[in-house]
Every structure is written in structure tokens, then in C-alpha cells.
Amino acid sequence: MEGRGEAELGSLLEAARGVYRKAFGGDPEIAVSAPGRVNLIGEHTDYNQGFVLPMALQMGTVMVGSPRQDGIISIVTTAEEAEEPKSVQFPVPVEGSALKPGKPHWANYVKGVIQHYRAGPLPGFNVVIASNVPLGGGLSSSASLEVATHTFLQQLCPDDGDPVAKALVCQKAEHTFAMMPCGIMDQFISVMGKEGHALLIDCRSLKTRLVPLSDPNLVVLITNSNIRHTLTGSEYPTRRRQCEEAAKILGKASLREASMTDLEASRSLLSMEVYRRARHVIGEIDRTAKAAEALQSKEYEKFGQLMVESHNSLRDDYEVSCLELDELVTAALEIPGVYGSRMTGGGFGGCTVTLLESTAAEKVLTHIKEKYSRKATFYFSKPSDGAKVHLLP
Ligand code: GLA
């Protein structure tokens, strides 16, 4: 079991400072962090203007750095899995010489945020990145890097501080520099997460509502299938297109506007596949609204039931689960004290999220280890704060 809390973020900061001293000499002046996230329910609903209910994790990405006077940006990553080279340098973009995505891939998230940052002119800077969010694990390692970058830039050259605009800049970076047509969930929660709370996000109005999740008898377990997901492949954009197609045929601006009755009435106009995709989304938006109410009123059984329905729908109708995720969910649900379990994030690998009574935790881990055909990694995380600035001693 890996517990990843504040203490680990602290040691991550320390490690990043050590690397900074070696790479650039002297101490960094600025330190920021931004969390990864786990989505409790509301999957593949954000780009359909629906509801999502994520929470920010204790795991995150830290950046430490200082401005420099020569207009050069120099970035070092400590991520072992990151593609070589582990450092890049380029001049601060000016009008007429925009940054472009390229290699190494990891630098694109940072470059994208720099390019789309709303205030300026930015100075040059040196920065070191360190993260303990597993890459490609469905816990938003990329959003946490984007939001950490944005938070860092805000220290160098403050903008108006608007959190919604911040999340949208980070999403734009992901669209245009990582070529991943993601929704807004990951960046929103990484900016706006609150300790002890999940965040209900209405992806149509962009309004958010905090939902308390701090019952000491309750545990959120994240189980990494250790199957790496790649969402920039064709599956994610294909799902998005299918949803848009369904909305168009139903005569709606988005699937958020459609009811199951609307869908059934137009069933013959949709291919079986597009029909099932839409059925997932419409059902999932409804489940997420109900789940937020259930969590608010501490009806955990009900919440768990909705999680299971969500998983089944993602598996059967949306077809974004995989055997390994199904195995993990089935194993978790076999243990008394488990309220619910489901795949979380984009799918095709990555993690499951399980809500359980804290007294059942040990049993669940043992059982999953026994039943899972591969090696799983476990994280317990409490709902945490969004991006932060850290005071350096
Ligand atoms: C990825 C995307 C999110 C969201 C989820 C699925 O994590 O980045 O915007 O669409 O998949 O719910």
C-alpha cells in the first residue's frame, strides 16, 4: 500500500529543490504544486456538458524555480518515465514566434500553458518539475502539470486570478499542444479542489459545488491496474464525435439537453453503437446528479450502487473499460464493507476507484491482490486542496 500525503508532497518539493541547485546553482525562489484527481462518478460526461464529481488527490506535481533576466526558459523534469531529453530550453515566446508542440512530449504541457497564458510579458525562468502522479494512470498527471505550470507563471507575472479562466487555459494547452481533445474536469478539479470535499462540476454552466467527503469511517481506495492508458489514440476522439453525432440527430445542443425519452424516440435514426454511447452519457449525467445528493446526505449504499451502474454502463455501452479494470471492480465488490467500485478516468487501463468502510480496507487489498491477474498498486487518498503556492524556508 502506498500512502501519499502532504508529507510526500513535502519530500517531492525537497527533491525538486535538490535537483534545482545542481542544475542551476542557488536556491529556487518559487515553489508551487497542483494535484492529480480521481473522478468518483460522471465519466465521459464533461465534454457533453454534463456533471462530474471528482476530488483532488494528495498526489501532485510540484514546480520550483526562479526568474532569469535573459529571456530564456529552461525546464528540467525529474520524471523517470519521461522521454529524453529531460531538459529543454527556449526563448520566451513573443508575438510572431509562437511556441509549437514537439519533442520531448512531456514539455508540451508546459509549453502549451506558457503559450496560452493570459498575462505578460513573461520573464525567462529556470524550473524543475517533480511529480508523484503515475503517468498514464488515469489520475490526471497531465492536468496537474498544466495547472502547476500556470500557478508558477502566476507567481512570475500575475494575471487576474480567475480560477475558471485558469482551468480553461490549461485545457486549451492540452488540446493544442498534447492533441488530446479532453473535457474540463481534470483542469477544474486540479485548480479548485478543496480538502475534505468532492467537487460537483456542472460542465454546461461551469458552476461548481463542494460536496463534503470527510467521514472518518469512509475510505477512497484507488487501485492502479498498471495497464497504461493512452487517450490520444483514436478512441477518445471517436467517442466525442459519436456523442456529437447523437446530439445532432436528437436536435440538441449537447447530450446534456437530451432525456432517455428523447433518445428512445429517435432510436431508429441512430446506429446501434451511437445509440449505446448516448445511452451511457444520458444515464451517467443523471447518475452523477443523484450521486452528489447521496454523498451530501451520507447515503453511501446508494452512492455505491450508482458507482457500480456507472462502471457497467462504461463497460457495456461506452466500451472504454478493459478486462483488467473489470477484474479489479469485481474483486472489490466481493468484500463486505465495499459500497461501490468503478473504473475512473478515460478508461482502457489506468485506475479503479472504490468507496468502502475504513474497517474493510485491509481485507479488500488482500482480496484484490489474490484475485487480480496482474500486479496492482494501491493508493488511499483524502480529498485535497487544488493548486497551491508553497513558502520556501
Ligand atoms: C479524460 C479527460 C476528461 C474526461 C475523462 C472521462 O480524463 O481528460 O476530460 O473526459 O477522460 O471522464
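This report describes a pocket, two nonpolar cores and one buried valine in a predicted model.

Residues are numbered from 1 along each chain as its sequence is written, and side-chain values use heavy atoms, with hydrogens and water left out. Local features need pLDDT of at least 70 and side-chain atom pairs count only at pLDDT 80 or more, while totals for chains, interfaces and linings use all residues.

The largest nonpolar core (buried Ala, Val, Leu, Ile, Met, Phe, Trp, Tyr and Cys residues joined through side-chain atoms within 4.5 Å; buried means under 20% relative accessible area with a 1.4 Å probe, protein chains only) has 54 residues, and Leu40, Leu53, Leu139, Leu255, Leu295 and Phe303 have the most contacts inside it. Helix H8 (residues 272-296), a DSSP run of H or I with at least four residues, gives the most to this core. Apart from the largest core lies another, and Tyr109, Ile114, Leu122 and Ala178 are among its residues.

| Item | Residues |
|---|---|
| Largest nonpolar core | 54 residues |
| Helix H8 share of the largest core | ten residues |
| Another core | 46 residues |

Leaving aside neighbours within four places in sequence, phenylalanine 303 is in contact (heavy atoms within 4.5 Å) with Leu40, Ile41, Leu53, Ala291, Ala294, Leu295 and Leu355.

Valine 329, found in helix H10 (residues 323-333), is buried, with a relative accessible area of 4%. Not counting residues up to four places away in sequence, valine 329 touches His311, Ser341, Arg342, Met343 and Thr352, whereas its C-alpha atom is separated by 32 Å from that of glutamate 83, 246 residues apart along the chain.

How values were computed
Helix = DSSP H or I, 4+ residues; strand = E, 2+ residues; numbered from the N terminus. Buried < 20%, exposed > 50% of the residue type's maximum accessible area, 1.4 Å probe, protein only.
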